[in-house]
Amino acid sequence: MNNSKIFGSMLIIAGTTIGAGMLALPLAASGLGFGVACIVMFFIWSLMTYTALLMIEVHQYAPVDATLHTLAYKLLGRKGQLVASFSMMFLFYALCSAYIAGGGEQMNDKLVNWAGLDLPEQSGALIFTLLIGTVVAIGTRSVDIINRSLFSLKLVALVVMLFLLLPHVSVDNLVALPVHQGLVLASLPVIFTSFGFHGSIPSVVRYLGKDTKALRWIILVGSALPLMVYGLWMLASQGVLTQQELMASQSLNGFIGSLSNLLHNPMIANAVSVFADLALATSFLGVSLGLFDFISDLLKRSATPSHRVQVGLVTFLPPLGFALFYPQGFITALGYAAFALVILAVFLPVAMVATQRKQAGLGGYQVKGGTLGLAIASVAGLLIISVQLMQMFNLFPAVG
C-alpha cells in the first residue's frame with residue numbers, strides 16, 4: 001500500500017472533521033468545565049470511531065467504488081436506500097451551502113480589503129466554489145494534494161493560536177465544574193456534529209482500495225487527530241476565560257473579541273480568522289468530495305471528463321444557488337444537522353452491519369463488541385436525537 005496515500009487519506013478524514021465549527025466548541029461546552037467537556041468529547045469520539053469502523057466492515061464485502069447509496073440498497077433494500085440517500089443529500093447540501101456562504105464572504109473580504117479589488121458581494125462565493133469544485137472534479141488525488149497543503153497551514157495557524165493563549169491559562173478555570181448538570185446532555189448534539197466525517201469514508205475506500213488493515217489505521221489515526229486538536233483548543237480557550245465569560249460571549253465574534261480584549265493582543269483575532277478560513281476550506285473539500293462520489297454513483301456516471309463535469313454541476317450548483325439567493329434556508333437547516341448525521345453515522349452503519357453479520361460464510365474483519373456494541377451505539381444515537389428534539393421544542397436548554 002502506498003504510504004503517501006495512507007497519509008493523505010488520514011488528513012482527508014482529519015481535515016473533514018476539523019472544520020470552522022471547532023471554533024464554536026468552547027461556546028457549546030462553556031458551562032461544562034474543561035474536565036467534563038473532555039470526557040464528553042472522548043465518548044463522542046469513541047462512538048464515531050466505532051461506527052466508522054463498522055463502515056469499513058461493510059465495505060470489505062462491497063465493490064471498491066460503492067457509496068452509501070449502493071451499500072444501503074444491498075443490505076437494507078429500497079426503503080433503507082431512500083433513507084440513506086435523503087439523509088446524505090440533506091446533510092451534505094446543507095453543509096456545502098453553509099461553507100460556500102461563509103467561505104465566499106471570507107474570500108470577498110480578502111479580495112476587497114487585501115487586494116483592493118472592487119467586486120460584487122457574490123463574487124467571493126462564485127470564486128470559492130469554482131476553486132473547490134475544480135479540485136474535487138479532477139479527482140481524489142487532487143483533493144489529497146491540496147488538502148495536505150491547507151491542513152499543514154491550518155496546523156501552523158493552530159500552533160500560533162495556542163502559543164498566544166496557553167501562557168495565560170488559569171488552573172482555576174480548568175478545574176471548574178459544570179454550572180448545571182443538564183448542560184452535559186445539552187452539549188451532545190453540537191459536540192457530536194464536530195466529529196462527523198463518515199460521508200468521506202466511501203471516497204477514501206475508492207482511493208485506497210479494500211485494504212482493511214490500512215483503512216482501520218486511517219480511521220483510528222485520522223479521527224484521533226481532531227480529538228487531540230479539540231482537547232488543546234479547549235485547554236487554551238477554557239483555561240483563559242472563565243465559564244461566566246464564555247457563557248456571556250454568546251457568539252463566535254463575541255468569543256474572539258473577549259479573547260483579544262482580555263489579552264490585549266489583536267494577533268489572536270487574526271490567527272483565529274486565518275484558522276477559520278483554512279478549516280472551512282478543508283471541511284468543504286472533504287464534504288464536497290463525499291457528495292461528488294455519492295452523486296456519481298446515484299446518477300451512474302463514469303470517470304470520463306464529461307461525466308465528471310456533469311456530476312460537478314449537480315454537486316455544486318444547488319448549494320451555490322441557495323448560498324447566493326437564500327442563505328438562511330440552508331444555514332437554518334444546519335440546526336437540524338444532528339438528525340441526518342445520527343442516521344448516517346450511527347443508525348445506518350449499525351443496521352447494515354447487523355444485517356451483514358446474519359449472512360453465512362463471512363469470515364473477514366469484524367469490529368469488536370458484538371451485539372452489545374451495536375446496541376450501545378444505537379442507544380447513544382437515540383439519546384442525541386432526543387436531546388435535539390427537546391431543544392427544538394424548548395424543553396431542554398440549547399447551547400452553542
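**Helix packing and hollow spaces**

Visitor: Which residues in H10 do Ala52, Met55, Ile56 and His59 in H3 meet?
Guide: Keep in mind that this is a predicted model. On the H3 side, the contact is made by Ala52, Met55, Ile56 and His59. Across from them, the H10 partners are Ile201, Pro202 and Val205.

Visitor: By class, how many residues of the contact of H3 with H10 are nonpolar?
Guide: Start with the rest of the tally: charged residues are absent from the H3 and H10 contact, and one residue is polar. His59 is among the H3 residues in it, and His counts as polar by the class rule. The nonpolar count in this contact is six.

Visitor: Is H3 parallel or oblique to H10?
Guide: The axes of H3 (residues 34-59) and H10 (residues 201-208) come within 11 Å and cross at roughly 45°. Angles under 35 degrees would count as roughly parallel, and 65 to 115 as roughly perpendicular. That crossing angle therefore makes the relation of H3 to H10 oblique.

Visitor: And is the crossing of H3 and H10 left-handed or right-handed?
Guide: Same pair, then, with axes crossing at roughly 45°. The hand of the H3 and H10 crossing is right-handed.

Visitor: Over to H5 and H15: are they roughly parallel or roughly antiparallel?
Guide: H5 covers residues 123-138 and H15 covers residues 305-325, and their axes come within 10 Å. The crossing angle is roughly 155°, and angles over 145 fall in the last class of the scale. That is why H5 and H15 count as roughly antiparallel.

Visitor: Which residues in H15 meet H5?
Guide: From H5 come Ala125, Leu126, Thr129, Ile132, Gly133, Val136, Ala137 and Ile138. The residues of this contact divide into nine nonpolar, two polar and one charged. On the H15 side, you'll find Arg308, Phe316, Leu320 and Leu324.

Visitor: What is the volume of the largest cavity?
Guide: The count comes to two cavities of 30 Å³ or more. Ser30, Gly33, Phe34, Asn173, Gln238, Leu241, Thr242, Gln243 and Leu246 line the largest one; by class that is three nonpolar, six polar and no charged residues. The volume of the largest cavity is about 40 Å³.

Visitor: Which helix supplies the largest share of the lining of the second largest cavity?
Guide: That cavity holds about 30 Å³ of space, and its lining runs through Thr67, Leu68, Met88, Gly199, Pro202, Ser203, Gly290, Asp293 and Phe294. H4 (68-113), H10 and H14 (267-298) each supply at least two of these residues. With three residues, the largest share comes from H14.

Visitor: How many residues of the lining of the second largest cavity are charged?
Guide: Four lining residues are nonpolar and four are polar. Asp293 is on the lining list, and Asp counts as charged. The charged total for this cavity is one.

Visitor: Which helix gives the most to the lining of the second largest pocket?
Guide: This pocket has about 380 Å³ of space, and two or more lining residues come from each of H3, H8 (182-186) and H18 (370-392). Of the 16 lining residues, Phe43, Ile44, Leu47, Ile376 and Ala380 lie nearest the centre. By class, the lining has 14 nonpolar, two polar and no charged residues. With seven residues, the top contributor is H3.

Technical notes
Residues numbered from 1 in each chain as written. Predicted model: local features only at pLDDT ≥ 70, side-chain atom pairs only at ≥ 80, totals over all residues. Heavy atoms only, no water. Axes fitted to C-alpha atoms, helices over the stretch in contact; angles between N-to-C directions. Helix = DSSP H or I, 4+ residues; strand = E, 2+ residues; numbered from the N terminus. Left-handed = near helix turned anticlockwise from the far one by under 90°. Contact = heavy atoms within 4.5 Å. 1 Å grid on protein atoms, 1.4 Å probe; cavity = no way out; pocket = protein on both sides within 12 Å on 5 of 7 lines; lining within 4 Å. Points joined across faces, edges and corners; volume = space filled by probe spheres on them.
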